[in-house]
Amino acid sequence: MAPAPDPVPEVTPEAGLGAPAPEAAVQLEEREPPSTTGLPRAPNLPLDEPVESEPPPTAPNPAPVVLQELVLLGREVPPKTSTRLAWAPTQSFEGIYVDTPVLVVNGVEPGPTLCLTAAMHGDELNGIETVRRVLYNLDAGKLKGAVIGVPIVNLQGFHAGSRYLTDRRDLNRYFPGDPKGSSASRLAYSFFHEVIAHCDALVDLHTGSFYRTNLPQLRGDLRNPRVVQLTKGFGSTVVVHSEGTAGTLRRAAVEVGIPAVTLEAGGPSVLSEDAVSHSVKAIRTLLNHLGMTTRFSLWGDPEPVYYNSVWERAQVGGIVFSRVSLGQTVKRGDVLGTVTNPITNVRTRIISNHNGRIIGMALNQVVQPGFATHHIGITPPKGQISPPEDVVATDPGSARQLADVTTDTPAGSGEEAAESEQPDASAVEENHTPAVENSADEVGDEDLEED
Ligand SMILES: [Zn+2]
């Protein structure tokens with residue numbers, strides 16, 4: 001177990017071309033005890049401080065009792081160490097691929113290892129900033145356990161400003177991966193086995209997709225008690241039950257016994273201070289909840305758990321303008337927005353078929369027929385406390401879409417015109433799975449699968 005211990009654990013500056021840390025920030029703090037794993041030691045970087053041009057003159061800590069070292073990605077991360085490692089998936093030819101940075105803060109005392117992953121979809125930016133804020137504000141000298149943060153899992157997509165990998169595959173459909181499979185499958189396999197396997201719990205950060213935005217919310221398989229337990233640690237954050245599509249990281253993690261949730265906040269391609277702040281506060285609350293930090297956050301009233309949710313859709317194509325906002329409570333029959341055909345001036349309303357709350361919605365945009373526009377967390381019937389309510393059970397005939405022909409009328413006046421029942425009740429039909437299954441994001445089109 002202990003081959004020729006290096007007297008001076010020489011830290012090579014991260015495999016040459018790989019991921020050299022900014023020279024200024026690399027603070028090679030040598031530690032006394034020899035490596036027990038024979039692996040090179042990861043350098044201790046001041047992750048709890050902003051990176052300045054000069055290395056901060058921190059006093060070398062005469063580390064207390066060494067309790068827990070973390071071995072990750074071919075490095076040994078001693079206790080009380082913050083560092084940056086590199087996950088090298090070798091998915092391209094030598095010299096071309098850029099290693100994916102992995103931030104690690106290993107605390108002074110034993111505790112769980114919490115993993116935070118972001119930008120699995122390369123255009124989802126809020127999670128990147130969330131991971132940065134959480135990791136760079138952790139004090140390894142006070143932390144119990146370890147936090148592993150991967151700000152940009154899908155570096156390929158990130159560079160292209162795209163949700164997907166360069167081959168247009170959605171990386172989050174290939175977990176736990178296959179070392180002999182497609183490029184996406186190999187990437188997934190490598191990431192799952194080299195990083196995720198070290199986690200005791202996982203929070204995968206996402207945003208809405210395709211010009212949709214989400215109220216900050218957790219998605220998890222609420223049939224799994226350990227997942228339920230995890231969702232309780234995030235303060236006042238809406239929880240939506242969702243089993244998770246096959247191939248998603250969180251589902252694959254849960255299947256191997258690692259409780260995992262998706263934290264959704266905001267929309268793609270933009271950074272939202274509200275979404276990031278909420279996410280950061282929620283994760284700090286989780287760290288506190290898990291006993292890893294002592295930082296305590298105050299929250300307002302608790303947010304509900306939605307066992308059922310459904311997307312309302314634009315039944316026709318055109319320009320969508322919403323009349324509701326994220327977080328708003330809606331009732332059955334409420335007008336959620338309108339879709340207007342810019343050529344014919346026909347305007348159609350998008351009507352809520354449920355009592356509930358807007359937990360995700362499309363930004364104003366041009367859509368095709370069938371585009372999911374409003375995600376409603378369904379308020380359970382009175383007296384009902386747990387799982388239940390089959391969404392389809394609600395009268396399908398009520399899937400009312402108010403279409404009004406407003407040809408040649410000035411905008412506005414036509415909106416209140418005659419109603420006519422839309423034959424298509426697809427907004428409801430899609431949720432004919434049993435109550436507790438597939439309610440949140442399995443709505444038919446892949447595009448909605450946020451996580
Ligand atoms: Zn995503």
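Strands, as the word is used here, are DSSP runs of E covering at least two residues, numbered from the N terminus. In this predicted model, strand 10 takes in residues 260-266, and V261 is one of its members.

V261 offers a way into the interior of the protein. A residue is counted as buried when 20 or more other C-beta atoms lie within 10 Å of its own, and because V261 has 32 such atoms within 10 Å, V261 is buried. Once its neighbours within four places in sequence are set aside, the contacts of V261 are with V203, L218, R219, G220, V227, L230, T231 and R250. A further distance concerns G244, which stands 17 residues from V261 along the chain, with 9.3 Å between the two C-alpha atoms.

The wider setting is the largest nonpolar core, which has 99 residues, and the members touching the most others are V104, V105, L116, A118, I148 and L202. Helix 6, spanning residues 273-289, makes the greatest contribution to this core, supplying 7 residues. For V104, the contacts beyond four places in sequence are L70, L72, V77, T83, L85, A146 and I148.

The confidence of the prediction should be kept in view alongside these contacts. Mean pLDDT for the protein is 80, and 71% of its residues reach 70 or more. Over residues 386-447, however, pLDDT is below 50, although the model gives this stretch 107 contacts beyond near neighbours in sequence. Residues 62-66 also stay under 50, and they have 7 contacts beyond four places in sequence. Where pLDDT is low, the predicted coordinates should not be read in detail.

Technical notes: Residues are numbered from 1 along each chain as its sequence is written. This is a predicted model: local features need pLDDT of at least 70, side-chain atom pairs count only at pLDDT 80 or more; totals for chains, interfaces and linings use all residues. A nonpolar core is a set of buried Ala, Val, Leu, Ile, Met, Phe, Trp, Tyr and Cys residues joined through C-beta atoms within 7 Å. A residue is buried if 20 or more other C-beta atoms lie within 10 Å of its own, exposed if 12 or fewer, and partly exposed in between; C-beta atoms are placed from the backbone. Helices (H or I, at least four residues) and strands (E, at least two) are DSSP runs, numbered from the N terminus. Two residues are in contact if their C-beta atoms, placed from the backbone, lie within 7 Å. pLDDT is the predictor's confidence in each residue, from 0 to 100.
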